[in-house]
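User: Please take a close look at the aromatic pairs in this model. I would like the geometry and the burial of the rings.

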Amino acid sequence: TLADMRRNFTEGLIDKIVVLDRAAQRGISVSDDELNLKIQQLRRGNLVVEDSLFDRFLSEQGLTGEQFRKNIQELMVMEKMRDSLLSGIEISEDEMKSYYEANTAHYARNKMRAAHLLLRAPGRDLPEHNIISVESRLKVENPTFSGEALLNAARAFDDNIRRLADSLAIRARAGDDFSALAKKFSEDTSGKFGGDLGEFSRGDMVAAFDSAAFILKKGEVAGPVKTVFGYHVIKKEGERKVKFEDVKERIQRLLQKQKLDRYLQSIQEKFPVEVVDEQFK
């Protein structure tokens, strides 16, 4: 509901204020060099390296350069603060084992090892992954695009990417070296490692990827598989049973985060923040 959205927005804003306040008290900050490097990485990841394209991108988002820098800086400070707090939270072996035993249906599952290559064709903006959609990218590159022309250009781009992914899937199934294909064509960071994704369980990946990967036999190739990120070609490398030791660190991080959330909530309740706009109450 609208009331829930307002409440979530307010709580998120207060959480941000609390974390930034505690970071300032601890002297946690982000240097200009760190900030500049992060912004360069974001620009490269979104293919807006040229200044003119970046300025258009900011305009599309309704931001100035300084506002964008401030937003990224605050996010980086919050991330540093959370990492600092998490590193100080201790979780005992007994706590982890108890949680594992209470959630065996979730954790005692097979782990798959797979590789993939990804050709990016996102259908929508994914700010949490620093990715902009095909339409947004086309609009940044050519601000005159709009309406039907923009939709047609986006469809044509998507079709070209899908055909390339299909041809790579055919090559992989025919016996071409998958690692070499991923290194040459994949737009995912795993590409430089031959597409290796390491081990993962059901539910760790987006649904379409998950469904395609877990029905494969060792050595089989699936694809192209369309997800919110684009088109994937997936190769199954193997599968094994999961034990407590396999998920121990994952459970530790989860329990640390839960304790951190409770800690931040307790601070938030004491923090002197007053909501003065009636619509957010």
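Analyst: The aromatic pairs come first, then the rings one by one. This is a predicted model, where local features need pLDDT of at least 70, side-chain atom pairs count only at pLDDT 80 or more, and totals for chains, interfaces and linings use all residues. Residues are numbered from 1 along each chain as its sequence is written, and side-chain values use heavy atoms, with hydrogens and water left out.

The structure holds three aromatic pairs. Rings of Phe, Tyr and Trp (its six-membered ring) pair if their centres lie within 6.5 Å; planes under 30 degrees apart count as stacked, over 60 as edge-to-face and the rest as tilted.

Take Tyr-100 and Phe-244. Their ring centres are 5.4 Å apart and their planes stand at 70°, so this pair is edge-to-face. Tyr-100 sits in helix H5 (residues 93–102) and Phe-244 in helix H11 (residues 244–270), so the pair ties together parts 144 residues apart in sequence. Helices here are DSSP runs (H or I, at least four residues), numbered from the N terminus. Tyr-100 is buried, at 13% relative accessible area. Phe-244 is buried too, at 11%. Buried means under 20% relative accessible area, exposed over 50%, partly exposed in between (1.4 Å probe, protein chains only).

Now Phe-200 and Phe-209. The centres of these rings lie 6.2 Å apart with planes at 65°, so the pair is edge-to-face. Phe-200 is buried, with a relative accessible area of 2%. For Phe-209, also buried, the value is 2%. Phe-214 joins Phe-200 and Phe-209 in one aromatic cluster.

How values were computed:
Helices (H or I, at least four residues) and strands (E, at least two) are DSSP runs, numbered from the N terminus.
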